[in-house]
Amino acid sequence: MDQLELSVKVDDATDEEIAEINREIRQWINENVPDCRISSGQPAIARAGEKGLDLGLLAPITLVFLQSGALKELVNCLTTYVKERRRKVSLSVQNQAGKSISIEAENLGKQELERIMQQMREIAGAGPA
């Protein structure tokens, strides 16, 4: 299974807000998906005048799966996070080849969840269900 990158997008959010959501999502995944390891992404490039912001938290979150069932746990974890905690957050998951899917509150019905799970399997290199 390939490693995946998770990016956070919130319309009209500041860098500080994005960094806080990244911290929150890292903690959420660590607590809910023990078979998924998070490694640090490449830090964002600092802009003149920025102080006190952990720019590494603006970079994509790299996810590495330790067990095959971790992918399903991750999808469940991310969809619960978006539905219950951050409805205005858009999460993008991308593989190393650049293929990606987006998880947003608007696309989280039962049929959409099945489609997201299928797409996650494909981009993670786990193949069709």
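Student: What makes C77 count as buried?

Tutor: Its relative accessible area is 5%, and buried means under 20%, so C77 qualifies. Keep in mind that this is a predicted model.

Student: How do you know that C77 is in no disulfide?

Tutor: The nearest cysteine sulfur, that of C36, is 8.5 Å away. A disulfide needs the two sulfur atoms within 2.5 Å, so this pair doesn't make the cut. A search of the whole structure turns up 0 disulfides.

Student: And C36, is that one buried or exposed?

Tutor: Buried: C36 has a relative accessible area of 4%, set against the cut-off of under 20%.

Student: What makes D12 exposed?

Tutor: D12 has 81% relative accessibility, and exposed means over 50%, so the label follows. You'll find D12 in the loop between β1 and α1.

Student: What is there to notice about the phi of D12?

Tutor: Phi of D12 is near 60°, a positive value in a residue other than glycine. Most residues other than glycine have a negative phi.

Student: How do you know that the length of helix α1 agrees with what a helix should span?

Tutor: Helix α1 covers residues 15-32, which is 18 residues, and at 1.5 Å a residue the expected span is 26 Å. The end C-alpha atoms are 25 Å apart, which agrees.

Student: Which residues of α1 are buried, and what do they pack against?

Tutor: Among the buried ones are I18, I21, I25, W28 and I29, along with N22, E24 and R26. The buried residues of α1 pack against β1, β2, β3, α2 and β4.

Student: What makes the side chains of β1 alternate?

Tutor: Look at where they point: L4, L6 and V8 go to one face and are buried, while E5, S7 and K9 go to the other and are not. In a regular strand the side chains alternate between the two faces of the sheet.

Student: How do you know that β1 and β3 pair?

Tutor: They share 3 bridges in the antiparallel sense, and at least two bridges are needed, so β1 and β3 count as paired. L4, for one, has L63 in β3 as its bridge partner.

Student: How many bridges join β1 to β4?

Tutor: There are 6, and these two strands run antiparallel as well. Along that pairing, S7 stands opposite S92 in β4.

Student: Which residues have the most contacts inside the largest nonpolar core?

Tutor: L6, I29, L91 and M120, in a core of 35 residues. The largest share, 8 residues, comes from α2. In soluble globular proteins, nonpolar side chains tend to be buried together.

Student: What is L91 in contact with?

Tutor: Leaving aside neighbours within four places in sequence, the partners of L91 include L6, V8, I25, L78, V82, I101 and I103.

Student: Why is T79 called buried?

Tutor: T79 has a relative accessible area of 4%, and buried means under 20%, so T79 fits. T79 is found in helix α2 and, apart from neighbours within four places in sequence, is in contact with I103, L108 and L113.

Student: In what order do the elements of the chain run?

Tutor: From the N terminus on, the order is β-α-β-β-α-β-β-α, which gives 3 helices and 5 strands. Of the 129 residues, 40% count as buried.

How values were computed:
Residues numbered from 1 in each chain as written. Predicted model: local features only at pLDDT ≥ 70, side-chain atom pairs only at ≥ 80, totals over all residues. Heavy atoms only, no water. Buried < 20%, exposed > 50% of the residue type's maximum accessible area, 1.4 Å probe, protein only. Helix = DSSP H or I, 4+ residues; strand = E, 2+ residues; numbered from the N terminus. Expected span 1.5 Å × (residues − 1). Contact = heavy atoms within 4.5 Å. Core = buried A, V, L, I, M, F, W, Y, C linked by side-chain atoms within 4.5 Å.
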